[in-house]
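Hi everyone, thanks for coming. I'd like to walk you through one part of a structure today, so let's put it up on the screen.

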Amino acid sequence: MSSEFDIIRRYFTRPTHRAILGIGDDAALIPYTATADLAISTDTLVSDQHFFADTDPGKLGHKALAVNLSDMAAMGAIPRWVTLALTLPANLANRNSSWLEVFMDGFFTLASKYEVELIGGDTTCGPLNISVHIIGEVAKGKALKRSGAMPGDDIWLSGYLGNAALALAHLQQRITLKPDELTVCLAALDAPVARIELGQRLINLAHSAIDISDGLLADLGHILECSQVAATIHLGKIACSGVMQRYLPLSVAVDCLLAGGDDYELCFTAPVIKRSEIAQLSQELSIPLTRIGTISQGKGLFLLDVNDNTITHEKKGYDHFLT
């Protein structure tokens, strides 16, 4: 079976003539004003594929918008407008159900935080399906892209990886978390935080960026492919929460850390001379920013253990058609 990205390359990717950047990044870029470009992205969440059908609707409303905000963060864009397309089972849309009200409360609460306006969309009846289209602004020519990584760059991560995937592993009975651990991990799964301000502050600091939605190895791999470079990362340098630290080096925990996805943290590359500025930025925003490796010439992603021995990790990340 073809992978999600094979399908995109084969059937959807075409040359663009009026867009600055088309298919192949966290968002497309089109000209807007003399000083700004528009960043545009779409994400779809499908019941029992991306979330459980009994997920709290308020948290689901938050997440539906948050995953799109994360695409804006990865481009360094300011989110401005969204449209929302909902396919709803009849029982969730009838007058006796509060599902839609609670869902939209979660959605609008997060939208208000970032002053994002809902300007349209569509509703229809069917299996639960949520699609958000987001539009943001970024300074002309300044957007962060996957294609800008350069040999010698440091590789950085924001926040902690793996908690959301650990929560999912618990719900799927692949691991058993203690109640307090599950609370921490469910917060990461159900209410991700888009790094909007960080993305904007990385303009003129970072050479490239991507958000971690499918897993570190898969998403960093997109930067390497688009930039035509190689990378070496150190497993022991990847920042993780106390919960994750307690379960490493169990294979299921390593999978969650490297390939679990649903983190919505930023992975970015930057020149060595920017280390002190990035460290200062970490303090200002109270966000852990951790160097985990280096970009080099060549091709491939090399993973080192705590003893600097090369290791292999078969699973790279989430794929809608291969997972």
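**A strand at the edge, and a helix with two faces**

Let's begin with one pair of residues: Ser 208 sits opposite Thr 269, which belongs to β9. Please keep in mind as we go that this is a predicted model.

That pair takes us to the strands themselves. β7 and β9, the latter covering residues 266-270, run antiparallel and are joined by four bridges. Now zoom out to the whole sheet. It is open, has seven strands with mixed pairing, and reads β7-β9-β6-β10-β8-β11-β12 in order. So what about the edges? β7 (208-211) and β12 (310-311) stand there with a single partner strand each, so each has one side without a neighbour in the sheet.

Something also lies across this end of our story: helix α2, residues 57-75, crosses β7 and β9. Its direction makes an angle of about 170° with β7.

Next, helix α11, residues 275-285. Which of its residues are buried? They are Ile 278, Leu 281, Ser 282 and Leu 285. Look down the axis of α11 and these buried residues fall within an arc of 105°, so they line one face of the helix. And what do they pack against? The partners are β6 (154-158), α7 (196-201), β10 (289-296) and our friend β9.

Turn α11 around, and the face pointing away from the buried side carries Ser 276 and Gln 283, both exposed.

One last stop, just past the helix: Ser 286 follows α11, and its phi is positive, near 55°.

That's my tour. Happy to take questions!

Conventions: Residues numbered from 1 in each chain as written. Predicted model: local features only at pLDDT ≥ 70, side-chain atom pairs only at ≥ 80, totals over all residues. Heavy atoms only, no water. Pairing = 2+ DSSP bridges. Contact = heavy atoms within 4.5 Å. Axes fitted to C-alpha atoms, helices over the stretch in contact; angles between N-to-C directions. Buried < 20%, exposed > 50% of the residue type's maximum accessible area, 1.4 Å probe, protein only. Arc of directions from axis to C-beta.
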